[in-house]
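Here are some short exercises to work through with the viewer open. Try each task before reading its solution.

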Amino acid sequence: MKVAVVLGTRPEIIKLSPIIRECARLRLDYFILHTGQHYAYNLNQVFFEQLGLPPSKYNLGVGSGTHAKETGKMLIGIERVLLKEKPDVVLVEGDTNTVLAGALAASKLQIKVGHVEAGLRSYDRQMPEEINRTLTDHCSDYLFAPTEKAKAILLGEGIPDDKIFVTGNTIVDAIYQNLDIAKKGGNTLDTLHLAPREYFLVTLHRQENVDDSARFASILEGLNKVGTEFHLPVIYPIHPRSQEMMTEFGLEPRNLKLIEPVDFLGFLQLESNARLILTDSGGVQEEACILNVPCITLRDNTERPETIEVGSNILAGASPDKILKYAELMLSRQDNWTNPFGDGKAGERIVKIVTGAEHG
Ligand code: UD1
Ligand code: UDP
């Protein structure tokens, strides 16, 4: 049994790390194929180093481009590697262009595809991620749904029950495996002169938010209002996409402290001590929920409705007034919700299933 782990971006490295660790622990025959979608040190290599992951056997060096350019180059490169390596199963995670390319290349070669984090839907086809995740689900053989809700979505789309496995989300594993280390490690809060619970944390990078100048400006205005109203610093580790768009649009955020993207342990420290998190990231919505920190999602929809249902998250969209109003609301909310994303053993379960050690 040979396993190929295909990844390419920051969240995939983080969320696949528990699976890679499990493959290594069991001494399985596996390899990592990196598409090179993310290549900056602080979006890529830092996570391999910090999470102690083995190096990728292949890096396609695809880099940035339009959706078709990225996906097309990946398809060609992934196919070449799969033909050479002949793995029995290809694992992909999430909803990026890398995920779609990995799933499509493998399924056309009749190689089994395992989709980690299957069954998420925002029902918003404007988002490239929605197209990627839906298509990937429909060409996968193992659908690893993080929750029963995700499984119900897949069943509703006609995917057979015996392909779907509710495993929990591997982000819980990644947090449980790293939070203690993060607490003991170097202190990101001290470096940034922040006190626990006395700052807000922001991430914002999604295409639909930052590639639209009016929408990006509106969200920045909302963040400015929140910082001003509550007299607390607002920290924004800025994704390179957002930095580029901010420069191109000539936007000058007020009341925001922009910093470089942070490594995972540093980011866990920032998240777990924040008074409130404001984000458009999928992974950050989940992490806020798991870490018991209230979250405002700067989008009109979410494919993580479990977070809204348990009360950890609320959708504010891009309106400055709504962002401010919801900040007031979430600051008064009790943080005693239950984590809906599992027990931190998703990685173990997934590896057992693909290696045939467990069925059903
Ligand atoms: C991608 C995913 C998104 C995910 C995000 C995680 C798709 C369609 N989008 O978005 O779902 O939330 O990763 O962070 O797959 N750039 C750099 N250095 C890098 C990588 C990117 O400077 O190492 C800049 C380039 O200008 C590039 C832009 O960011 O054009 C966008 O990169 P891309 O990988 O296309 O999409 P992301 O916005 O990172
Ligand atoms: N993250 C990080 N440093 C940062 C911002 C985010 O390590 O400066 C981590 C975060 O903990 C989460 C993941 O990156 O696990 C989320 O990735 P991102 O927001 O880029 O993508 P998305 O989840 O929206 O696809």
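For the first exercise, Ala, Val, Leu, Ile, Met, Phe, Trp, Tyr, Cys and Pro count as nonpolar, Asp, Glu, Lys and Arg as charged, and the others, Gly among them, as polar. Keep in mind that the model is predicted.

**Exercise 1. The shell around ligand 2**

Task: Describe the shell of ligand 2 by residue class and by the helices that supply its residues.

Solution. Start with the classes: the shell residues divide into eight nonpolar, four polar and four charged. Next, pick out the residues that come nearest: of the 16 around the ligand, these are Arg-10, Val-262, Ser-281, Gly-283 and Glu-287. Finally, turn to the helices. At least two shell residues are supplied by each of α1 (10–25), α12 (264–273) and α13 (282–290).

**Exercise 2. Polar contacts and burial of the ligand**

Task: Find the distances from oxygen atoms of ligand 2 to polar atoms of Glu-287, Gly-282 and His-205.

Solution. The cut-off for a polar contact is a pair of N or O atoms within 3.5 Å. Take Glu-287 to begin with: one of its polar side-chain atoms is 2.5 Å from a ligand oxygen. For Gly-282, look at the backbone instead, where a polar atom lies 3.0 Å from an oxygen of the ligand. His-205 brings a polar side-chain atom to 3.5 Å from a ligand oxygen. Now add the surface: ligand 2 taken alone exposes 540 Å², and the protein buries 96% of that.

**Exercise 3. An aromatic cluster**

Task: Which residues form one aromatic cluster with Phe-165, and are Tyr-142 and Phe-165 buried or exposed?

Solution. Rings pair if their centres lie within 6.5 Å, and by this rule there are five aromatic pairs. One of them joins Tyr-142 to Phe-165, tilted, with 6.2 Å between centres and 40° between planes. This pair links distant parts of the chain, since Tyr-142 belongs to strand β6 (residues 142–145) and Phe-165 to strand β7 (residues 164–166), 23 residues apart. Tyr-142 counts as buried because its relative accessible area is 17%, under the 20% limit. Phe-165 is buried as well, at 7% relative accessibility.

Phe-144 also pairs with Phe-165, again tilted, at 5.8 Å centre to centre and 40° between the planes. Here strand β6 holds Phe-144 and strand β7 holds Phe-165, 21 residues apart. Phe-144 is buried too. Putting the steps together, Tyr-142, Phe-144 and Phe-165 form one aromatic cluster.

**Exercise 4. A charge over a ring**

Task: Which ring does the charged end of Lys-57 sit over?

Solution. The ring is that of Phe-31, and the charged end of Lys-57 is 5.8 Å from its centre.

Key
Residues numbered from 1 in each chain as written. Chains lettered and ligands numbered in written order. Predicted model: local features only at pLDDT ≥ 70, side-chain atom pairs only at ≥ 80, totals over all residues. Heavy atoms only, no water. Near = heavy atom within 4 Å. Polar contact = N/O pair within 3.5 Å; in protein donor to acceptor, adjacent residues only side chain to side chain. Areas by Shrake-Rupley, 256 points an atom, 1.4 Å probe, with all protein chains shown as cover. Helix = DSSP H or I, 4+ residues; strand = E, 2+ residues; numbered from the N terminus. Phe/Tyr/Trp six-rings, centres within 6.5 Å; stacked < 30°, edge-to-face > 60°. Buried < 20%, exposed > 50% of the residue type's maximum accessible area, 1.4 Å probe, protein only. Lys NZ or Arg CZ within 6 Å of the ring centre and 35° of its normal.
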